Amino acid sequence: MRETKQAMPPTTAYRRPAAGTQPDYLFPRYASTVKRAPTQPLVMLPQTETELTGPVFGYGELRRGDNDLTRQHAGDPIGERIIVSGRVLDENGRPMPNTLVEIWQANSAGRYPHRVDQHDAPTDPNFTGCGRALTDKRGHYRFVTIRPGEYPWRNHYNAWRPAHIHFSLFGQAFVQRLVTQMYFPGDPLLDEDPMYNCVPDERARKRLISSLDWETTIPEFALGYRFDIVLRGPEETPMERGVQTE
Amino acid sequence: MSLHATTSQTVGPYLHIGLTWLITEKLAPAGVPGQRISIEGRVLDGEGKPVDDALVEIWQADSRGKYGGKRFRGFGRSATDRNGAFRFHTIKPGRVIGPAGKPQAPHIGVQVFMRGQLKQLFSRIYFPGEPSNAQDPVLARVPAARRATLIAQKKRGKAGTLEWNVILQGRNETVFFDL
């Protein structure tokens, strides 16, 4: 395992979320939160070195092709090939280099190869739906995959999840850890989806929707979708301003 | 430039597909100095039922209280089984500096992800019989009656093994932090 240099942790705390941009634990529209959300008040914790540092992952842990979900098996997966890419930044606009990005998703028929998924749609022997990548120096990541299908779930009558890709990111600090989902532009299921509608801030919701990206689209090969991800950033002090990396 | 952090979303029920490749239940390779310990626990929901689709991640210092060492990364990830159980085999961390330069009691940072949670839970594991717990600046912020939920207990008949559970709701609800 190759170790990479740990960036110095900031000495200031990471910002708290802006109102309406992060979900509450209890959100009854998403029924499973009812028995799983804490009922006691959270305890405010000062951010110490434990919270301001975090694990570093090296290229040694990733294999070639981990970021191409269409080439992990003997044949080509069924479905529309797409390129999903973007940048990982912090709230101060600084790129987050060398950050581990893990993704997972359903196949083009809306089926996961998972014992819990009983949806009557075909599995695809050529698609597992799991990928990972490290961001480059400028915070860029890129995946080749297929467009995931929508699928039903049992949250409420006639409930369907919009097409989505799950994302997991580490950043550089324990408090920057983020798990989110990327959606596709123009999906009519978004309006009815409890997950997508879990925060009141409409602009925050819309940032979960990727955009069609001509720059990364490869002619006669695959459409590109861009999804930029922002992790929590340190409170800026006057001294820190002006040392932006770009 | 001022941006807002991307909205958190649940890991959902199929988290294993994307996240089990990095399961790390043995954190300390042979030769890493420190007192060897195992931590075992369960994640239980508001009805006391095991949560069989949770992911527990830990982040800890080495035995000298340093983070991110070459031989001991300090990161662990365990997915709960049918009984809601997770486990880690690691070393007891040293003391780490806290607010105002005062040392904290030995502790392990915890994040828990699961279906039914739109964002992760943050908690901490502290150690039983540790005199420094009484001066720990974080434990001091926790209502006294709830502090015990953060302190692992020695497991009877299993030397070196500690038990620490994630109780999501109810009488012994684990203390979760707002970071």
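What share of the contacts in chain B between residues at least 6 apart in sequence join residues at least 24 apart? For those contacts in chain B, the share is 69%. Keep in mind as you click around that this is a predicted model.

**Stop 1: chain B by itself**

Hide chain A for now and colour chain B by secondary structure. You should find one helix and ten strands. Start at the N terminus and follow the chain: the order is α-β-β-β-β-β-β-β-β-β-β, with the helix leading. The radius of gyration of chain B is 16 Å, close to the 16 Å that the globule rule gives for 179 residues, so chain B is as compact as a globular protein of that length. Along its principal axes, the C-alpha atoms fill a box of roughly 40 × 40 × 40 Å. As for what is tucked inside, 46% of the 179 residues of chain B count as buried.

**Stop 2: Ala100 in chain B**

Now select Ala100(B). You'll find Ala100(B) in the loop between strand 4 (85-91) and strand 5 of chain B. Check its backbone angles: phi is positive, about 60 degrees, although Ala100(B) is not a glycine. Is Ala100(B) buried or exposed? Ala100(B) is exposed, because it has 7 other C-beta atoms within 10 Å, and a residue with 12 or fewer counts as exposed.

**Stop 3: where the chains touch**

Bring chain A back. Here 56 residues of chain B are in contact with 65 residues of chain A. Which elements give two or more residues to chain B's side of this meeting? Select helix 1 (15-19), strand 5 (107-114) and strand 10 (177-178) of chain B. Strand 5 of chain B gives the most, with five residues. Try colouring chain B's side by residue type: you get 25 nonpolar, 22 polar and nine charged residues.

Next, zoom in on strand 10 of chain B together with strand 1 (residues 43-44) of chain A. These two strands run parallel and are joined by two bridges. For a particular pair, pick Val43(A), which stands opposite Phe177(B).

**Stop 4: a sheet in chain A**

Select strands 4, 3, 8 and 9 of chain A. In that order they form an open sheet with antiparallel pairing. At the edges sit strand 4 (130-134) and strand 9 (178-183) of chain A, each pairing on one side only. Look for the twist too, which averages 20 degrees from one strand to the next.

In this sheet, strand 3 (residues 100-105) and strand 8 (residues 164-169) of chain A pair in the antiparallel sense over five bridges. One to click on is Gln105(A), whose bridge partner in strand 8 of chain A is Ile165(A).

**Stop 5: Glu220 in chain A**

Go to the loop between strand 10 (211-212) and strand 11 (223-226) of chain A, where Glu220(A) is found. Glu220(A) is not a glycine, yet it has a positive phi of about 60 degrees. Glu220(A) counts as exposed because it has 4 C-beta neighbours inside 10 Å.

**Last stop: how confident is the model?**

Finally, colour chain A by pLDDT. The mean is 93, and 91% of the residues of chain A reach 70 or more. Now select residues 1-5 of chain A: pLDDT stays under 50 there, and the model has twelve contacts for them beyond four places in sequence. Residues 238-246 of chain A are also below 50, with six contacts in the model beyond near neighbours in sequence. Where pLDDT is low, don't read the predicted coordinates in detail.

Definitions and conventions
Residues numbered from 1 in each chain as written. Chains lettered and ligands numbered in written order. Predicted model: local features only at pLDDT ≥ 70, side-chain atom pairs only at ≥ 80, totals over all residues. Contact = placed C-beta atoms within 7 Å. Helix = DSSP H or I, 4+ residues; strand = E, 2+ residues; numbered from the N terminus. Nonpolar A, V, L, I, M, F, W, Y, C, P; charged D, E, K, R; others polar. Pairing = 2+ DSSP bridges. pLDDT = per-residue confidence, 0-100. Buried ≥ 20, exposed ≤ 12 C-beta atoms within 10 Å, placed from the backbone. Rg over C-alpha atoms; globule rule 2.2 N^0.38 Å. Axes fitted to C-alpha atoms, helices over the stretch in contact; angles between N-to-C directions.
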